[in-house]
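Reader: Could you please take me through this structure? I would like to begin with how two of its chains meet.

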4 protein chains.
Amino acid sequence: MNRVGEVRRKQQRGIRTRMALLEAAGRVFSRMEYDKAKLKDISDDAGISLGSLYFHFGNKDDVAAAVLDAQQERMTEVLSSVVETEGSSLGRLLDLLDGVAELISADALVQAGIRLVGSLPDELKDRGYGFYEEWQRVAETLIREGLEDGSVTSTAPAPELAEVVHETFIGAQVLSGMMDGWQTLPARIERARPRLEALLAPEA
Amino acid sequence: MNRVGEVRRKQQRGIRTRMALLEAAGRVFSRMEYDKAKLKDISDDAGISLGSLYFHFGNKDDVAAAVLDAQQERMTEVLSSVVETEGSSLGRLLDLLDGVAELISADALVQAGIRLVGSLPDELKDRGYGFYEEWQRVAETLIREGLEDGSVTSTAPAPELAEVVHETFIGAQVLSGMMDGWQTLPARIERARPRLEALLAPEA
Amino acid sequence: MNRVGEVRRKQQRGIRTRMALLEAAGRVFSRMEYDKAKLKDISDDAGISLGSLYFHFGNKDDVAAAVLDAQQERMTEVLSSVVETEGSSLGRLLDLLDGVAELISADALVQAGIRLVGSLPDELKDRGYGFYEEWQRVAETLIREGLEDGSVTSTAPAPELAEVVHETFIGAQVLSGMMDGWQTLPARIERARPRLEALLAPEA
Amino acid sequence: MNRVGEVRRKQQRGIRTRMALLEAAGRVFSRMEYDKAKLKDISDDAGISLGSLYFHFGNKDDVAAAVLDAQQERMTEVLSSVVETEGSSLGRLLDLLDGVAELISADALVQAGIRLVGSLPDELKDRGYGFYEEWQRVAETLIREGLEDGSVTSTAPAPELAEVVHETFIGAQVLSGMMDGWQTLPARIERARPRLEALLAPEA
DNA sequence: AATGAATGAGTTTTCATTCAT
DNA sequence: CATGAATGAAAACTCATTCAT
């Protein structure tokens with residue numbers, strides 16, 4: 001156990017350092033573009049040496065990739081937890097938007113991931129874009145379920161409904177990110193909720 | 001040839017050079033971020049010397065500002081021409097989206113302006129953002145007029161309707177820009193049109 | 001002619017700068033290994049900015065490649081001038097060794113090329129090695145001619161004779177380079193001359 | 001288990017680790033220059049931690065020095081065993097070349113030593129060079145003995161004969177090292193043997 | 001106006017070496 | 001003895017900007 005405990009302790013230390021660097025990267029990348037952000041900014045923000053940053057991530061692209069991965073993980077987590085909730089499909093879809101909006105406005109690392117997608121070196125582009133496509137598929141699935149459970153009543157094709165919902169959500173993200181650093185994103189989504197309800201479940 | 005003619009000819013030449021550089025800047029900035037784009041890329045793309053680029057624009061920020069100005073000018077042009085059209089306010093609003101989508105998908109300089117807004121040095125941010133706010137005001141105005149002329153029947157508050165329309169449009173821009181360099185933006189807007197009509201003028 | 005003269009003058013300046021950098025690279029690379037040599041050393045030696053070095057050569061490998069090219073050019077020049085000389089083939093072969101030895105001991109850039117061959121990034125290896133193979137072919141050709149004109153009387157196969165001559169010459173280069181920076185290479189070759197004569201034209 | 005046995009076991013383990021690192025250093029240094037080779041490459045190649053490498057060798061120069069020592073030891077071993085052989089001095093000299101060629105082509109650590117000599121930090125240069133001088137003295141001694149026992153019949157001065165033999169051998173090493181990682185060195189020496197015999201013992 | 005060479009102030013990256021465990 | 005994380009100093013490379021012509 002001496003040996004084993006030692007190893008574990010060392011790993012712990014490394015993991016903690018890596019995490020601290022990752023969070024710092026999140027803060028830095030959420031404030032500025034990929035190219036504007038200097039790795040020195042990140043290591044300074046973390047209070048850890050630049051060399052250590054390289055030890056843990058290898059190069060700048062890999063730092064960005066790690067941020068992207070962490071973002072997607074956190075968003076997927078919200079997605080899973082909300083989707084498995086009780087309630088109508090429409091309700092869950094809208095709750096999902098709320099949940100993600102909340103996450104984005106509160107988590108610099110997630111904000112960083114969002115910014116990063118727009119200014120990524122080519123090799124990382126797919127990694128970022130793929131997530132957007134998946135996200136729209138989730139919306140479409142919930143809408144289809146909503147058509148079955150009666151919570152969605154629009155007669156429009158599900159893919160097109162999903163597309164518009166997705167566009168609206170992305171637009172809200174971009175505009176709130178631009179205007180106030182995502183602080184008002186939840187409020188925006190709150191305001192949009194009745195509009196989306198009207199779209200998916202018109203009173204008729 | 002007299003002095004005056006010569007001067008005029010030189011000016012003509014200068015203007016043409018400036019234009020060529022501006023278009024090249026559009027092409028380059030539409031393909032990559034502000035920081036990724038090198039002034040050498042632009043002068044190479046234009047086939048004009050780097051020194052000349054500096055002669056005409058002074059520095060990198062000014063190149064971006066010029067691109068932004070040109071973009072806004074071209075978008076404003078579409079805006080004016082569509083708004084002054086005959087027809088219902090709702091129709092004009094939706095035609096406006098069509099028109100702008102068309103412009104974006106066809107004009108690299110306009111695409112460049114859109115990209116630039118997301119990755120601008122701080123001093124230029126307001127210049128880019130202001131346009132977005134104005135754009136939403138136009139939507140709101142048209143919606144208000146639609147309420148008067150009966151083409152808009154939704155009972156929701158005009159500002160909130162304008163906000164959602166704006167978000168959807170921006171979202172469509174971002175997604176099409178991301179996925180295929182804005183090629184499919186007009187098709188996206190076409191698909192979204194019935195959804196936006198349902199939102200603004202529910203059958204009921 | 002104004003325009004043209006101007007262009008020519010500019011080019012001249014660039015060419016002169018490039019040459020100065022190349023010679024400096026020769027001096028530096030002749031004194032130390034590729035990896036030990038810093039580009040700053042070269043630009044300092046030339047009294048020209050590091051940025052300018054990059055402007056002219058792009059990167060470190062390309063500097064080395066340029067040195068290599070220049071070395072091969074200079075050696076080829078000697079080769080041509082000696083080979084076209086009057087006299088027996090054997091005489092010309094041995095004069096060639098003399099001539100190259102002289103060149104090596106006098107020209108830092110050529111020394112640099114020799115050193116570089118031993119410590120080259122993989123992409124450049126072939127470029128350096130090829131020259132050695134060609135060099136041996138020349139020796140073989142001269143030996144064959146010597147068999148015809150009677151100046152070479154050894155009954156051994158020409159390729160094997162050429163190989164040994166080549167090995168001896170290379171060995172002399174390496175040892176003199178190691179011991180005294182090629183200063184005594186001509187003397188070494190002078191001493192070896194009767195041995196090589198004995199080898200190629202034994203008295204019988 | 002008692003204290004002493006434990007200590008001995010630890011020592012054994014340490015020696016084995018040191019050896020593994022040394023062999024790994026041989027493999028790495030035989031593939032690349034001193035400066036190109038990273039200590040991490042060596043510890044990775046050995047599958048042993050970098051910290052351990054430092055524990056056993058102190059610093060990079062010391063690793064190189066240890067490789068050099070091991071090379072010289074192995075070469076000296078061959079030298080001794082061949083020189084003490086029965087037979088003519090000329091035969092022993094040529095057998096010596098064969099033996100060393102064989103060793104070089106088979107032993108990465110020896111190859112490493114050879115490469116290292118060409119790219120060594122200044123402090124280690126003498127250590128590497130000295131061996132070359134000694135090597136030539138051995139050749140000269142054998143040639144002198146050959147003059148006495150009649151196996152060497154050339155009338156040229158012994159030092160000059162030794163010099164040429166040495167040059168040829170070094171040249172063969174360099175060329176085979178360059179072309180194919182010393183795989184064909186024994187064959188080269190085999191081919192050169194009759195030439196060297198002709199040189200040292202001309203038929204007359 | 002136009003050109004392209006030149007510069008310097010960063011930035012990314014590398015790696016020998018040290019250190020805590 | 002052994003490990004692997006951490007560090008700092010150095011080097012390669014980039015590029016906006018200036019300058020001489």
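Reader: How many residues do chain C and chain D each bring to the contact?
Author: Chain C brings 31 residues and chain D brings 32 residues, where contact means heavy atoms within 4.5 Å. This is a predicted model, in which local features need pLDDT of at least 70 and side-chain atom pairs count only at pLDDT 80 or more, while totals for chains, interfaces and linings use all residues. Residues are numbered from 1 along each chain as its sequence is written, chains are lettered from A and ligands numbered from 1 in the order in which they are written, and side-chain values use heavy atoms, with hydrogens and water left out.

Reader: What area is buried between chain C and chain D?
Author: About 3000 Å² is buried, and carbon and sulfur atoms give 62% of it. Buried area is the accessible area (1.4 Å probe) that two parts lose on being put together, summed over both. C:E167, C:M178 and C:R195 supply 22% of the area that chain C buries against chain D, more than any other three residues.

Reader: How many salt bridges cross the interface of chain C and chain D?
Author: The rule finds 10 salt bridges there, each a side-chain nitrogen of Lys or Arg within 4 Å of a carboxyl oxygen of Asp or Glu. C:E160 forms one with D:R195, with the closest N and O atoms 3.1 Å apart.

Reader: Which helix gives the most to the side of chain C that touches chain D?
Author: Helices α6 (108-118), α7 (122-149), α8 (158-180) and α9 (185-200) of chain C each supply at least two residues of that side, and α8(C) gives the most, with 14 residues. Helices here are DSSP runs (H or I, at least four residues), and strands are runs of E of at least two, numbered from the N terminus.

Reader: Why do the copies meet through the same surface?
Author: The copies do so because 100% of the interface residues of chain C are also interface residues in chain D. Chain C can be laid on chain D with an RMSD of 0.2 Å by a turn of 179 degrees and a shift of 0.1 Å along the axis, using least squares on the C-alpha atoms of residues with pLDDT of at least 70 in both. The two copies are thus related as by a two-fold rotation axis.

Reader: On another topic, where does UniProt place the "DNA-binding region"?
Author: The unreviewed UniProt entry places that feature at residues 38-57 of chain A; such annotations may be inferred rather than shown by experiment. Over residues 38-57, chain A is 80% helix and 0% strand, and the end C-alpha atoms are 14 Å apart.
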